[in-house]
Amino acid sequence: MKMIPNQPYKASNKKNNNAEYRVFGKLKESFVDSNKYIAFHSLNLTRHQYKRFGEADFVIICEYGLFVFEVKGGSISRNEGVWYSTNDNGKHNIPNPFTQAETAMHAIFKAIEGTNISHLNIAIGYGGIFPSGSWTVKSSEWDREIICDANNFKNFEAFLSKFFNYWHSKKANQKRGYLSVENIKAIANFLRPNFEMIETLSNQLYNQEEITLKLTEDQYRYLDIVAANQRVMCSGGAGTGKTFLALELARRIAREDKRVVFVCKSEWLKQYLTSKISNEFVTISTIDSAQVDMRRLGVDKYEVLIVDEGQDLFNVRDIDKLDNLLAGELDKGEWYIFHDANHQALKVVDKDALKFLNDIPHAEIPLTTNCRNTNPILKYVENLLDVDMGKKDELNGPKVIQTFTSSETNTLENTINQLLTDGIPPSHITLLSKLEYAKSSATLLSDKLQSKIIQLDDYSIRNFPSNEMSFAEIENFKGLENEVIILIDLPKPDKNIKKDKALYYVAMSRAKGLLNIIYTN
């Protein structure tokens, strides 16, 4: 669908920008192969019935007619005839969204009267888009077909098709035909002077999951740089896409029929990565099993070495092991090491080992874009731990939730139940603890909740995420992630934190969408 303007309009006095950005992105992705759909964002209305100056969030002109949408983000409610929206800024009154859309629709139709396009037989309609919640209330004031909630939003184009047909088949519109491409352009040309385009903004149009995917795809450009160099140290904070790049690099090199060994420290990460790539030319090993795996395969030396979570291997013992795996050894062989720029290894990094690698001629590639965490998570971790996790353009998301308690039992139970009540799939929730399950506060949960939690190990991690909630020790969860992380069994760190800093860093940076921390006193 053609969008006018081609980037979302942003006004500093609007509280609904994030929801409108999401709708903008969905509209832009709809009916991409058709020239019969044009959408306006934030269309100014100079002939509004009740306002001196009005505005329509989105106006769509297509072969079915002209349609107006009002968008409301956050939680929507109505009490005694008064409408409310609740978001991060609190609860505030809002106008009736359906009345807003309907009056905007009539204002546009009235503006068309007496113009050179007034002879067109235009079907009209309006609706409301509420992308953050589920709409279950029935009323004589609206038909369900004109409402798009979080469930419809997942398949937005299908919703639009039903919406257009619903209005086009209404009695008042039954005698109206379909608009031609020329008709659509004529109406668009009339409406165009009633809005302003502003300079292009950053292309952050989609919801959290969609933006994360896009930013991850943006990392592909680094692969061309990597492929042009025989030895590379690729550094980046947690969430900058190192593992993604390392896996894709292994796939590409394997297509050249080169023997590749992909090495990491964690057995869990090894098993997880093994489930993500299946290629006879790629061997995934832990640093401790690499020599045994090589002998078992009958391989003398590997042609290419790829290392993930390299900061955990920056010690003389492990560097020697890597050296023995590679044809030409490290000083002459082909290798690509991905490591955390913060060097937040769970064990101390050996400066001599790091100096040895740095003395070998190689290219340095920094990853600076965080493609995992939302801005609230990013800022919370960076401010608390004084680390650099990469940059990203502004992306709103749920605030980091931190609770202080002397007894985690009820707090954890209530937290999980609330997430499930809010419609969070169990598979999206992972509990992380410094302790093993038997010693963690997870064992104090009700039997009903405990039965819904799977304890991850080096076997079950192959199918992660499964359909259940999951539990893991922090140290084992390096290189992995989930939508919602609940961090338990840790005290609130102070500003001068030194002990266990890497543990907090690893745990908090695993959260993609929501970080919920239950601090113990």
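A residue counts as buried when its relative accessible area is under 20%, and as exposed when that value is over 50%. The structure these exercises use is a predicted model.

**Exercise 1. Decide whether strand 20 is enclosed or open, and find its partners.**

Step 1. Locate strand 20 at residues 482–491.
Step 2. Apply the cut-off for burial. Eight of the 10 residues in this strand are buried. Strand 20 is therefore largely enclosed by the rest of the structure.
Step 3. Look for the partner strands. Strand 17, residues 429–433, is joined to strand 20 by five bridges, and the two run parallel. Strand 21, residues 511–520, is joined to strand 20 by seven bridges, also in parallel.
Step 4. Pick out Leu487 in strand 20. Leu432 stands opposite Leu487. Ile517 in strand 21 stands opposite Leu487 too.

**Exercise 2. Describe the six-stranded open sheet and what packs on it.**

Step 1. Write down the strand order: 12-11-13-14-10-15. The pairing is parallel.
Step 2. Find the edges. They are strand 12 (282–286) and strand 15 (363–367). Each has a single partner strand, so one side of each lacks a neighbour in the sheet.
Step 3. Check the turn between neighbours. Ignoring direction, neighbouring strands of this sheet are turned by 15 degrees against each other on average.
Step 4. Add the helix. Helix 8, residues 242–254, packs on the sheet. Helix 8 touches strands 10, 11, 12, 13, 14 and 15. The direction of helix 8 makes about 165 degrees with that of strand 14.
Step 5. Zoom in on one edge. Strand 11 (residues 260–264) and strand 12 share five bridges and run parallel. There, Val260 stands opposite Val282 of strand 12.

**Exercise 3. Work out how helix 14 and helix 17 are oriented to each other.**

Step 1. Locate the pair. Helix 14 covers residues 375–385 and helix 17 covers residues 501–508.
Step 2. Read the geometry. Their axes come within 11 Å and cross at roughly 175 degrees.
Step 3. Apply the cut-off: angles over 145 degrees count as roughly antiparallel. Helix 14 is therefore roughly antiparallel to helix 17.
Step 4. Name the residues in contact. Helix 14 contributes Ile377, Tyr380, Val381, Leu384 and Leu385. Helix 17 contributes Lys501, Tyr504, Tyr505 and Met508.

**Exercise 4. Find backbone values that call for a second look, and place them.**

Step 1. Start from the general pattern. Most residues other than glycine have a negative phi, and most peptide bonds are trans.
Step 2. Examine Glu80. Its phi is positive, about 55 degrees, although Glu80 is not a glycine. Glu80 sits in the loop between strand 5 (75–79) and strand 6 (82–87). Its relative accessibility is 76%, so Glu80 counts as exposed.
Step 3. Examine Asp386. Its phi is also positive, near 55 degrees. Asp386 lies in the loop between helix 14 and strand 16 (401–405). At 66% relative accessibility, Asp386 is exposed.
Step 4. Turn to the peptide bond from Phe464 to Pro465. This bond is cis, with omega near -5 degrees. Pro465 belongs to the loop between strand 18 and strand 19.
Step 5. Look at Ser460, in the loop between strand 18 (453–455) and strand 19 (469–473). Ser460 has a relative accessible area of 13%, so it is buried. Setting aside neighbours within four places in sequence, Ser460 contacts Ile454 and Gln455.

**Exercise 5. Judge which parts of the model to read with care.**

Step 1. Take the overall confidence. Mean pLDDT is 83, and 86% of the residues reach 70 or more.
Step 2. Compare elements. Helix 6 (residues 208–218) has the lowest mean pLDDT, 51, and strand 13 (residues 304–307) the highest, 96.
Step 3. Mark the low stretches. Over residues 47–53 pLDDT stays under 50, and the model has 12 contacts beyond four places in sequence for them. Over residues 194–208 pLDDT also stays under 50, with 47 such contacts.
Step 4. Draw the conclusion. Where pLDDT is low, the predicted coordinates should not be read in detail.

**Exercise 6. Sum up the whole protein in numbers.**

Step 1. List the secondary structure: 17 helices and 21 strands.
Step 2. Give the burial. Of the 521 residues, 55% are buried.
Step 3. Give the surface. About 24500 Å² is exposed, and carbon and sulfur atoms supply 46% of it.
Step 4. Give the contact range. Among contacts with a separation of 6 or more, 70% link residues 24 or more positions apart.

Conventions: Residues are numbered from 1 along each chain as its sequence is written. This is a predicted model: local features need pLDDT of at least 70, side-chain atom pairs count only at pLDDT 80 or more; totals for chains, interfaces and linings use all residues. Side-chain values use heavy atoms; hydrogens and water are left out. Buried means under 20% relative accessible area, exposed over 50%, partly exposed in between (1.4 Å probe, protein chains only). Helices (H or I, at least four residues) and strands (E, at least two) are DSSP runs, numbered from the N terminus. Two strands pair if DSSP finds at least two bridges between them. Contact means heavy atoms within 4.5 Å. Accessible areas come from the Shrake-Rupley method with a 1.4 Å probe; for residues, only the protein chains shown count as cover. pLDDT is the predictor's confidence in each residue, from 0 to 100. Axes are lines fitted to C-alpha atoms, for helices over the stretch in contact, and angles run from 0 to 180 degrees between N-to-C directions. Angles under 35 degrees count as roughly parallel, over 145 as roughly antiparallel, 65 to 115 as roughly perpendicular and the rest as oblique.
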